[in-house]
Amino acid sequence: MAGAKEMRELGIRQRGDPVLGETCLRFDLPAEAELAVGVERRLAVMIERLAGVHVFAKGMGLAAPQIGIPRAAAMLRPPDGRPPFLLLNPRVTERSAETDEQFEGCLSFFDVRGRVVRPVRITVAHAAVDGTPLVTRYETGMARLVLHEIDHLAGTLYADRMSPGSRLIPLDEYREGGRAWEY
């Protein structure tokens, strides 16, 4: 099983790195389309690398700042085998009142997990590389993954969202690995 050391060696920025606390710059699309495509390629290469070292039963997300790029881009790999997809300049426009609390992990501090309350349904405005506005709805586990990555783009880590008094759980205590979230 991969750990924080392996993530660092693969090039994933780790908790405490200043880029993880920055608010990312949005892309000026379509003027910066070429730049966005370059960031997309770098994210895709890293997603494939990561998939080769660990099984991500809950899906996987990677935000550009996690590879040292402070731009508003994230790539997500759904848990159901669908291909990874890119979110550029994502912004949550709607959140359901219904929430749930589940364990989350992060490539940027991979050796622990923590419980986070998140909405069960969200709507996200984002853009295609050519600047075309897009709106996508996400539910349950995909909503959680997308929100986790959007948080990265705002310089927020999931540990910042944990309830007061909650603690990060070391992997040797975590018992939900290798399974999808349950809803």
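Here are some numbered notes for a first look at this predicted model.

1. **Ground rules.** In this predicted model, local features need pLDDT of at least 70 and side-chain atom pairs count only at pLDDT 80 or more, while totals for chains, interfaces and linings use all residues. Residues are numbered from 1 along each chain as its sequence is written, and side-chain values use heavy atoms, with hydrogens and water left out.

2. **Overall make-up.** The protein chain has three helices and eight strands. Here helices (H or I, at least four residues) and strands (E, at least two) are DSSP runs, numbered from the N terminus. Going along the sequence, you meet them as α-α-β-β-β-β-β-β-β-α-β. The radius of gyration is 15 Å, close to the 16 Å that the globule rule gives for 183 residues, so the protein chain is as compact as a globular protein of that length. That radius is taken over C-alpha atoms, and the rule is 2.2 Å times the number of residues to the power 0.38. Along its principal axes, the C-alpha trace spans about 50 × 40 × 30 Å.

3. **Inside and outside.** Of the 183 residues, 49% count as buried. Buried means under 20% relative accessible area, exposed means over 50%, and partly exposed is in between (1.4 Å probe, protein chains only). The accessible surface comes to about 9000 Å², and carbon and sulfur atoms own 50% of it. Those areas come from the Shrake-Rupley method with a 1.4 Å probe; for residues, only the protein chains shown count as cover.

4. **Contacts and charges.** Take the contacts (heavy atoms within 4.5 Å) with a separation of 6 or more: 67% of them are between residues 24 or more positions apart. As for charge, there are 24 positive and 25 negative side chains, and the centres of the two sets lie 1 Å apart. Lys and Arg count as positive and Asp and Glu as negative, with His and the chain ends not counted. Each charge is placed at NZ of Lys, CZ of Arg, CG of Asp or CD of Glu.

5. **The three-stranded sheet.** Look for an open sheet with the order β4-β5-β8 and antiparallel pairing. Two strands pair if DSSP finds at least two bridges between them. The edge strands, β4 (99-104) and β8 (169-170), each pair on one side only. Six bridges join β4 to β5 (residues 112-119); across this pair, T99 stands opposite P119 and Q102 stands opposite V116. On the other pairing, β5 and β8 are joined by two bridges, with V112 partnered by P170. Six of the eight residues of β5 are buried, so this strand is largely enclosed by the rest of the structure.

6. **The β6-β7 hairpin.** Strands β6 (residues 121-127) and β7 (residues 133-139) pair in the antiparallel sense over seven bridges. One bridge to find is that of H126 with L134 in β7. Five residues lie between the strands of this hairpin, where G131 takes a positive phi near 95°.

7. **Backbone oddities.** As background, most residues other than glycine have a negative phi, and most peptide bonds are trans. L29 and P30 are joined by a cis peptide bond, with omega about 10°, and P30 sits in the loop between α1 (4-10) and α2 (33-51). N89 has a positive phi near 50° without being a glycine; this residue lies in strand β3 (residues 85-95) and is buried, at 6% relative accessible area. T140 has a positive phi of about 45° and is not a glycine either. You will find T140 in helix α3 (residues 140-153), where its 28% relative accessibility makes it partly exposed.

8. **A look around M7.** Which residues does M7 touch, leaving aside its neighbours within four places in sequence? The contacts are A2, I12, Q14, L50, V53, L107 and F110. M7 lies in helix α1 and counts as buried, with 0% relative accessibility. By contrast with those contacts, T23 is 16 residues along the chain from M7, and their C-alpha atoms are separated by 22 Å.
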